[in-house]
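Hi everyone, thanks for coming. Let me put the structure up on the screen, and then we can walk through it together.

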Amino acid sequence: MSHAHHAAVKLHYQPALPLGRGKLCLWLFLSTEIMFFAGLIGTYIVLRFGAPPGSWPTPHEVHLQEYVGAFNTFVLICSSVTIVLALEASKQNQAGLSKFWMILTFILGSVFLGVKGYEYNEKFKHGIFPTKPHSRIYEKADLYYIQGVRLSLASQRDKLVARQGELQQQNKTLSEGEVQKLAVLNDLITNLVQWTELRAVRDAPEGDQLARRLAIDKMAKAIYPHWVLGKEGHEAEELYSASLDDEKRQLERDLSTIEQQRGDLQRQRDALRGDLDKLQPPKAAASNTVDVGIQFVVLQNQPGASGEQQTKVLGEIGRLEEKIQATDAEQKRYQGRLALLDVLKEEPHGLAHKYPELHLPMVIPSGNMWASTYFLLTGFHAIHVLVGLIAFVLVLLYKLDHTKSHILENTGLYWHFVDLVWIFLFPLLYLF
């Protein structure tokens, strides 16, 4: 029996992983970053798609423009292409061309951050930002929202009134712009906030929650309407405009009734004054221009039936005067509301758009939660983009020949990760 002889097997051991230390450290770092962004994005998905239908703001409601996000996405994709071209040029020992592509990558990344800064500025300009307990955003239209609007307007008005007093002591006056702002504040407090309070509390039937809610909803839409893009939003805007027309017609009818009531009260008062002239002696009748209250006090001290009758008539005249004054105030209130309806009709985008300097509170369902998640996601991503740009500056200090291609490869790997994160963020934030 023959025995076969086998040659000894030689094993070759790799002393380390088949990749450089820099790339190994970068992959370990990126693995933690992947888990970090996966947690953030997963949380956003749960919040967004777990919210009841209609209770999460649409991109249009929070001033997110889809085309702006699409442009930024295109910019980042182009930057991924240019950094690959820079790496290939470096491998071919074309240092000048590699540096050109890296500079172009840096410019594209800077454009991305610039556009993001523009978007952030728009959010802060419209009061959409996270703060405690909330910014100018209220989750729903209720009595707390009315109170928030009143306090905001009253605070601004009080500051202007205090400034007006200080200037008067110096024989100065408010500027034209400040005078106009004060007039607008008084108009909104009287004809928007107080009107809604009366409609929601006094005029709404007791226990009629629907009438109360409709009154507050109309105020919320007057300040910050939620017109979505497309046919649905156009129809909602037309319905809102029609409701303003209906309210205007109703107010005009009510105002006509008030004017008739005022005329009746005036006729009753004039008739009583005629009766008073007959009861008074000629000398007293000649002085009938004296204030009714003074005559009432004087006649109380006159004895006799004639004095009692005159006192009674004067008392009735005084009550009619009070009713006429109340009617005048009601008439003025209706006229102010009618004037405000004309303003709302001309500004379908709402008072927050017409008067941005007033910083009016607005109703956006889940708006504070959206703002918190939006700035958290995009903020961390913007920080990573900024870190990438700093890395580009450091890389550009070298001569990018073939000896530095490994540096470009690691930098490009990080930049591709940043781009990939944005590919997930764009549809989640801008399209859903």
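Let me start with a question: which residues of the largest nonpolar core touch the most other members? They are M102, I128, I223 and W370, in a core of 88 residues. By nonpolar core I mean a set of buried Ala, Val, Leu, Ile, Met, Phe, Trp, Tyr and Cys residues joined through side-chain atoms within 4.5 Å. Buried, in turn, means under 20% relative accessible area, exposed means over 50%, and partly exposed is in between, with a 1.4 Å probe and protein chains only. Helix α13 gives this core its largest share, twelve residues. Apart from it there is another core, of eight residues, including L265, V313, L320 and I324. As general background, nonpolar side chains tend to be buried together in soluble globular proteins.

Before I go further, some housekeeping. This is a predicted model, where local features need pLDDT of at least 70 and side-chain atom pairs count only at pLDDT 80 or more, while totals for chains, interfaces and linings use all residues. Residues are numbered from 1 along each chain as its sequence is written, and side-chain values use heavy atoms, with hydrogens and water left out.

Now the overall picture. The protein has 13 helices and two strands; these are DSSP runs numbered from the N terminus, with helices being H or I of at least four residues and strands E of at least two. Of its 432 residues, 40% are buried. If we take contacts (heavy atoms within 4.5 Å) between residues at least 6 apart in sequence, 80% of them join residues at least 24 apart. The exposed area is about 25000 Å², and carbon and sulfur atoms supply 61% of it; areas come from the Shrake-Rupley method with a 1.4 Å probe, and for residues only the protein chains shown count as cover.

Back to W370 for a moment. Leaving out residues up to four places away in sequence, W370 touches Y44, W56, P57, V62, L64, K123 and I128. L64 turns up again with E119, a residue of helix α3 (95-125). E119 is buried, at 3% relative accessibility. Beyond its neighbours within four places in sequence, E119 is in contact with L64, Q65, V68, G69, Y374 and Y430.

Next, the charges. Side chains of opposite charge can pair when their charged atoms come close. I count a salt bridge when a side-chain nitrogen of Lys or Arg is within 4 Å of a carboxyl oxygen of Asp or Glu, and by that rule there are 17. One of them joins D245 and K345, at 2.8 Å from N to O. D245 sits in helix α7 (231-279) and K345 in helix α10 (305-346), so this bridge ties together parts that are 100 residues apart in sequence. Both ends are partly exposed, D245 at 27% and K345 at 36%.

K248 and D342 form another bridge, at 3.0 Å. Here too, K248 is in α7 and D342 in α10, so parts 94 residues apart in sequence are tied together. K248 is partly exposed at 28%, and D342 is partly exposed at 33%.

And then what about R269 and E321, buried or exposed? Both are buried, and their side chains meet in a salt bridge of 3.2 Å. R269 is in α7 and E321 in α10, 52 residues apart. The two also belong to a salt-bridge network with D270 and R273.

On the surface, have a look at the nonpolar patch of about 520 Å² made by I77, V81, L85, L420, I423 and F424. For a patch, residues need over 30% relative accessible area and no salt bridge; like charges are joined within 9 Å, and nonpolar side chains (Val, Leu, Ile, Met, Phe, Trp, Tyr) within 5 Å. Helices α2 (66-91) and α13 (405-430) each supply at least two of the patch residues. I77, for one, is in α2 and is partly exposed at 44%.

Last stop, the backbone. H63 is not a glycine, and its phi is positive, near 60°. H63 is in the loop between α1 (21-50) and α2, partly exposed at 23%. S366 also has a positive phi, about 60°, without being a glycine. S366 lies in the loop between β2 (362-363) and α12 (367-395), and it is buried at 17%.

That's my tour, and I'm happy to take questions.
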